[in-house]
Amino acid sequence: MTTTPEFISVGALGEGFAIDNNVLVEDAGLNGRSLTLRFPGDRLHACTVTDSSKVIWDGLETEARVTSIRSGIFFVDFLLGEAVKESVSLVLDTAGGHVTLVQGALPNAEETSVSAYDRAREGMELTGVNAEILHGTIDGVAGGTPHAPTDELLGLRNRYHYSPDEVYEHVYLNGNFYTWHCLKGSELGLGDTDRCHYIKIAEKLYLFVWREKIVPTLGVILIDMDRLKTDGKIFGYKGFDFTSYVNFEVGAVAEVLNETTY
């Protein structure tokens with residue numbers, strides 16, 4: 001008889017991912033720049049990158065992480081809020097003038113305790129993790145191709161080496177779901193099929209967002225299928241008591257295992 005794998009907290013996952021990982025170093029290319037970001041419905045946000053570890057977002061200074069997986073394209077990530085945290089991730093194309101905003105929030109204890117059966121019966125999403133995804137423009141910059149949903153990753157089965165000790169595979173099933181499977185590491189033997197979103201940023205460069213339903217988790221990752229590299233973050237509760245948060249960087253070396261055409 002085999003042992004049933006146990007789901008772990010996001011905090012424990014972050015500890016496993018922190019050792020000898022493949023994340024990108026922080027990038028100083030936006031240091032000192034102030035950007036006005038314009039979204040549908042006359043929604044505006046002001047973002048100033050003071051350095052590669054701090055931003056001022058709508059007048060509020062906060063710790064941040066700024067990286068660049070491809071020249072001119074930046075990933076800016078930070079948390080907002082006091083007792084209740086919100087995740088904010090930006091993909092900024094400073095040459096083309098386009099931006100994608102992913103603003104996420106985790107469910108509280110009561111929301112998390114609603115069973116998958118009850119969620120299905122009530123016509124709710126199976127995950128309580130929320131993510132608002134908006135596409136907009138950077139004032140004063142124009143000419144690039146807008147970011148938009150894509151199906152270009154569908155059918156791929158990729159293996160991701162986050163570190164020598166953390167290896168996963170992803171199967172991109174359709175426009176709403178993907179399957180993940182831990183081949184080596186903290187979640188060895190675990191796998192699930194979760195809600196996800198795919199956005200094309202540039203040729204062979206994609207933003208991949210997923211929302212897990214068992215342990216509330218938000219993942220926001222850039223996947224560069226040209227250089228076979230990823231970089232992004234995972235956001236969740238540190239433990240199972242809903243009292244504190246973790247928002248840790250992740251990055252992987254990618255390889256394509258196969259592609260299925262339906």
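Arg121 counts as exposed, at 53% relative accessibility, and in this predicted model Arg121 forms a salt bridge with Asp118, the closest N and O atoms being 3.0 Å apart. Asp118 counts as partly exposed, at 26% relative accessibility, and Asp118, Arg121 and Glu122 are linked in a network of salt bridges. Beyond this network, the briefing covers the other salt bridges, the barrel and its hairpins, the cysteines, the residues with positive phi, and the surface.

**Salt bridges**

- The count of salt bridges in the structure comes to 16, and the general background is that side chains of opposite charge can pair when their charged atoms come close.
- Asp118 and Arg121 both belong to helix α3, which covers residues 116–121, and they are 3 residues apart, about one turn of the helix.
- Lys200 and Glu152 also meet through their side chains in a salt bridge, with an N to O distance of 3.0 Å, and this pair links distant parts of the chain, since Lys200 lies in strand β13 whereas Glu152 lies in the loop between β9 (148–149) and β10 (156–163), 48 residues apart.
- Glu152 itself is partly exposed, with a relative accessible area of 38%.
- A salt bridge likewise joins the side chains of Asp192 and Lys213 (3.0 Å, N to O), and here too distant parts of the chain are linked, with Asp192 in strand β13 and Lys213 in the loop between β14 and β15, 21 residues apart.
- The two partners of this pair fall into separate accessibility classes, as Asp192 is buried, with a relative accessible area of 16%, while Lys213 is partly exposed, with a relative accessible area of 27%.

**Barrel and hairpins**

- A closed barrel of 8 strands runs in the order β1-β2-β3-β4-β5-β6-β7-β8, with antiparallel pairing, and the neighbouring strands of this sheet are turned by 30° against each other on average, direction ignored.
- Strand β3 (residues 54–57) and strand β4 (residues 60–70) run antiparallel and are joined by 4 bridges, and within this pairing Val55 stands opposite Thr62 in β4.
- The same two strands, β3 and β4, form a hairpin with 2 residues between them, and in the turn Asp58 has a positive phi of about 50°.
- Strand β4 is also joined by 5 bridges to strand β5 (residues 73–80), again in an antiparallel arrangement, and the bridge partner of Arg65 in β5 is Asp77.
- The hairpin of β4 and β5 has 2 residues between the strands, and Gly72 takes a positive phi near 85° there.
- Further along the barrel, strand β7 (residues 98–105) pairs with strand β8 (residues 130–138) in the antiparallel sense over 8 bridges, and the bridge partner of His98 in β8 is Thr137.

**Cysteines**

- The structure holds 0 disulfides, and Cys182 is accordingly in none, the nearest cysteine sulfur being that of Cys196, 19 Å away.
- Seen from the other side, the sulfur of Cys196 has its closest cysteine sulfur in Cys182, and because the separation is 19 Å, the two are too far apart for a bond.
- Both residues are enclosed by protein, for Cys182 counts as buried at 1% relative accessibility, and Cys196 counts as buried at 0% relative accessibility.

**Positive phi outside glycine**

- As a general background, most residues other than glycine have a negative phi.
- Asp20 has a positive phi of about 50° although it is not a glycine; Asp20 is placed in the loop between α1 (10–17) and β1 (33–39), and Asp20 is exposed, with a relative accessible area of 56%.
- Lys204, also a residue other than glycine, has a positive phi near 60°; Lys204 lies in the loop between β13 (191–202) and β14 (205–212), and Lys204 is partly exposed, with a relative accessible area of 41%.

**Nonpolar surface**

- Leu173, Phe177 and Tyr262 form a nonpolar patch on the surface, with about 350 Å² of accessible area together.
- Within this patch, Phe177 lies in strand β12 (residues 177–184), and Phe177 is partly exposed, with a relative accessible area of 34%.
- Leu228 lies in the loop between β15 (217–224) and β16 (229–237) and counts as partly exposed, at 31% relative accessibility.
- Leu228 and Leu156 are 72 residues apart in sequence, and their C-alpha atoms are 13 Å apart in space.

Terms used. Residues numbered from 1 in each chain as written. Predicted model: local features only at pLDDT ≥ 70, side-chain atom pairs only at ≥ 80, totals over all residues. Heavy atoms only, no water. Patch = residues over 30% accessible without salt bridge, like charges linked within 9 Å, V, L, I, M, F, W, Y side chains within 5 Å. Areas by Shrake-Rupley, 256 points an atom, 1.4 Å probe, with all protein chains shown as cover. Salt bridge = Lys/Arg side-chain N within 4 Å of Asp/Glu carboxyl O. Buried < 20%, exposed > 50% of the residue type's maximum accessible area, 1.4 Å probe, protein only. Disulfide = S-S within 2.5 Å. Pairing = 2+ DSSP bridges. Axes fitted to C-alpha atoms, helices over the stretch in contact; angles between N-to-C directions.
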